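Please open the model in a viewer and keep the sequence panel visible. The tour proceeds by selections, each followed by a description of what is found there.

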Amino acid sequence: MNLSERLIDFAEAGNQQKITLTNGQTLQGWVMEINDEALLISTGYSDKVGKDVWINFNDLQTAELSYWDNKASEWKIFTL
């Protein structure tokens, strides 16, 4: 399974995703798009507060990925 396919699995896991980059920045929201080089996550709850951020695959490989598990009501780690 290639990286794009794993990222699709990540996007479909839980009802929200959280990405913590190695620089300490955390982005929480919904994966909106995945292309050949990057993933687009939409954060916030409205156009006034939220923002869309592209994260390239190189940064994702060193980031911590997690998703919200509704059954357990907790964040679960996702491994690429």
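A residue is called buried here when its relative accessible area is under 20%. The model is a predicted one, and the tour begins with one of its strands.

**First selection: strand β3**

Select β3, residues 38-43. Six of its six residues are buried, so the strand is mostly covered by the under 20% criterion. Display the side chains: Ala 38, Leu 40 and Ser 42 point one way from β3, while Leu 39, Ile 41 and Thr 43 point the other way. Residues on both sides of β3 are buried.

**Second selection: the partners of β3**

Add β2, residues 26-34. β2 and β3 are antiparallel and pair over five bridges. A hairpin of three residues connects β2 to β3. To locate the pairing, centre on Leu 39 in β3, which has Ile 34 opposite.

Now add β4, residues 51-56. β3 and β4 also run antiparallel, joined by six bridges. Here Ala 38 has Asn 56 of β4 as its bridge partner.

**Third selection: Ser 42**

Which side chain makes a polar contact with that of Ser 42? It is the side chain of Asp 52, at 2.9 Å. Ser 42 belongs to β3 and has a relative accessible area of 17%; because this is under 20%, Ser 42 counts as buried. Show its surroundings next: beyond its neighbours within four places in sequence, Ser 42 is in contact with Gln 28, Gly 29, Trp 30, Met 32, Lys 51 and Asp 52.

**Fourth selection: the largest nonpolar core**

In soluble globular proteins, nonpolar side chains tend to be buried together. In this model, the largest nonpolar core has 18 residues. Select Ile 19, Leu 39, Ile 55, Leu 60 and Leu 65, the residues with the most contacts inside this core. The elements that each give two or more residues to the core are α1 (3-12), β2, β3, β4, α2 (57-61) and β5. Of these, α1 supplies the largest share, three residues.

Centre the view on Leu 60. Leaving out residues up to four places away in sequence, Leu 60 touches Leu 7, Ile 19, Leu 39, Ile 55, Leu 65 and Leu 80.

**Fifth selection: the aromatic pairs**

How many aromatic pairs does the structure hold? There are three. Select Tyr 67 and Phe 78: their ring centres are 6.5 Å apart and their planes stand at 80°, so the pair is edge-to-face. This pair links distant parts of the chain, with Tyr 67 in strand β5 and Phe 78 in strand β6, 11 residues apart. Both Tyr 67 and Phe 78 are buried.

Move to Trp 68 and Trp 75. The centres of these rings lie 5.4 Å apart with the planes at 75°, so this pair is edge-to-face. Trp 68 is partly exposed, with a relative accessible area of 26%, and Trp 75 is partly exposed at 27%.

Finally, add Phe 10 to Tyr 67 and Phe 78: ring pairs link these three residues into a cluster.

**Last selection: Ser 73**

Select the loop between β5 (64-69) and β6 (74-78), where Ser 73 is found. Inspect the backbone of this residue: the phi angle of Ser 73 is near 50°, a positive value in a residue other than glycine.

Notes: Residues numbered from 1 in each chain as written. Predicted model: local features only at pLDDT ≥ 70, side-chain atom pairs only at ≥ 80, totals over all residues. Heavy atoms only, no water. Helix = DSSP H or I, 4+ residues; strand = E, 2+ residues; numbered from the N terminus. Buried < 20%, exposed > 50% of the residue type's maximum accessible area, 1.4 Å probe, protein only. Polar contact = N/O pair within 3.5 Å; in protein donor to acceptor, adjacent residues only side chain to side chain. Contact = heavy atoms within 4.5 Å. Core = buried A, V, L, I, M, F, W, Y, C linked by side-chain atoms within 4.5 Å. Pairing = 2+ DSSP bridges. Phe/Tyr/Trp six-rings, centres within 6.5 Å; stacked < 30°, edge-to-face > 60°.
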